[in-house]
Amino acid sequence: MQVGIDKIGLFTPNKYVDMVDLAHARNQDPNKFLIGIGQSEMSVADQTQDAVSMGINATMKYIDRIDKDKVGLLVLGTESGIDQSKSASLFVKTALKLKPEVRTFEVKEACFGLTAAVMIARDFVRVHPDQTAIVIGSDIARYGVNTGGEVTQGAGSVSMLIKADPKILALNDGHSAYSEDINDFWRPNASRVAMVDGKYSTQVYLDFFKKTFNDYKKQKNLETSAFDAIVYHLPFTKMGLKANRIAVEDQDQAVTENLETSFEASKQLSRRVGNIYTASLYMSLLSLLENGNLAAGSLIGLFSYGSGAMGEFYSGSLVEGYEKEIDQIKDQAMLDHRKKLTISEYEDVFNTALEDPEDGVVLESDDKEGTWYFAGTQGHVRQYKVK
């Protein structure tokens, strides 16, 4: 029995900053951001968007095309939690009108959270092949205005349905995992913005990729040439480019060109959205499917990384007809219809979103009709509404 990704939905907020504008405001050469970091735009979440609302919106992209009565598990991976105790997934479950019998919880390990959810869901479906699982990665990457990490911020969510006999990607057995207790990135309870040692984190990311990629190939008796594409966790696209260069070391021209071409396809969404932590790897996968030209049966390697640190490499094979399950036109329209913020507007939106609204104040969204949003708290209970 094959188990894997049957549906996938992407959501990002309706505001963005252009990296050329940001570079000029920070007295930087735009190429430092466009080429050195590899980003052109960055989605910005206002006070009405959080991990819950974005997760709902991503799942709404496909919820009408599934049998909700078969959903037995809902797992949300995030490092942008909205409560120290209650799972964000419960708010999502209510909005989606899933049955009470659904098992649901939240998982956390930095940017690895959605991969953890995928693996939990894969094993759940193997034991319960007549049921399906919804897994969501939803995050807002914040480092602060005019900080070293500012250009690697972003906001968004990816939701996927995991089921038997999937229509997009069949997950292969096995994985290679590697973890260490290190401090390359963290966010203390008292801080709304992350703390990061950027150069150290990049080196750890690359080290973990080499360990897990080589170990996976050894486990499966595979050569690099067996992969038709490799997708990466992309906190910024240049990070994945560095890992991909490691992957093609000592490969012939055909293999190198193939993996370089697939990487270019996989980075297109990230280049415009920015860092979405737990969902970044899977936005790369969606971007590959939308912008690449892969045949059914193609072997795709996936490298997941969560600072702190946890790395994992696994693979999946594309299913015949996967193209019917993605909608590049709608995803591009979502990005194209965002409002471009001036730097002053961006700074105001960003700084306001760092503060909780006063209890009892009702927030209103300026997004399009049908978008879920955080409407404030009543009696310190979070309220979610659809516009």
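## A glycine in the loop before S16

Leaving aside its neighbours within four places in sequence, Gly 360 is in contact with Thr 377 and Gln 378. This is a predicted model, and in it Gly 360 sits in the loop between H12 and S16. The C-alpha atoms of Gly 360 and Gly 376 are 7.0 Å apart in space, while 16 residues separate the two glycines in sequence.

Is Gly 360 buried, partly exposed or exposed? Gly 360 counts as partly exposed because its relative accessibility is 38%, and partly exposed covers the range between under 20% and over 50%.

## Strand S2 and its two partners

Let's turn to strand S2, which spans residues 15-18. Lys 15 and Val 17 point one way from the strand, Tyr 16 and Asp 18 point the other way, and all are buried.

S2 runs parallel to strand S15 (residues 339-340), with two bridges joining them. Here Lys 15 has Lys 339 as its bridge partner. With strand S3 (residues 41-43), S2 runs antiparallel, and three bridges make the connection. Across this pairing, Asp 18 stands opposite Glu 41.

## A buried arginine in H9

Glu 41 also appears in the surroundings of Arg 271, a residue of helix H9 (residues 268-273). Not counting residues up to four places away in sequence, Arg 271 touches Leu 34, Gly 38, Gln 39, Ser 40, Glu 41 and Thr 237.

What is the nearest side chain of opposite charge to Arg 271? That is Glu 264, at 7.4 Å. Arg 271 is buried yet has no salt bridge, because a salt bridge needs a side-chain nitrogen of Lys or Arg within 4 Å of a carboxyl oxygen of Asp or Glu.

## The enclosed cavity

How many cavities of 30 Å³ or more does the structure hold? There is one, and the largest cavity has a volume of about 70 Å³.

S3 comes back into view here: S3, strand S6 (132-141) and helix H12 (343-353) each supply at least two residues of the lining. Among the lining residues are Met 42, Ser 43, Ile 140, Ala 141, Tyr 346 and Phe 350. Arg 142, Gln 153 and Gly 154 are also included in the lining.

## The largest pocket

The largest pocket has a volume of about 1300 Å³. Its lining is made up of 45 residues, and Ser 80, Gly 81, Ile 82, Asp 83 and Arg 187 lie nearest the centre.

Three strands are worth a look around this pocket: S10 (185-186), S16 (372-378) and S17 (381-386) each supply at least two residues of the lining.

How values were computed:
Residues numbered from 1 in each chain as written. Predicted model: local features only at pLDDT ≥ 70, side-chain atom pairs only at ≥ 80, totals over all residues. Heavy atoms only, no water. Helix = DSSP H or I, 4+ residues; strand = E, 2+ residues; numbered from the N terminus. Buried < 20%, exposed > 50% of the residue type's maximum accessible area, 1.4 Å probe, protein only. Lys, Arg positive; Asp, Glu negative; His and termini not counted. Contact = heavy atoms within 4.5 Å. Pairing = 2+ DSSP bridges. 1 Å grid on protein atoms, 1.4 Å probe; cavity = no way out; pocket = protein on both sides within 12 Å on 5 of 7 lines; lining within 4 Å. Points joined across faces, edges and corners; volume = space filled by probe spheres on them.
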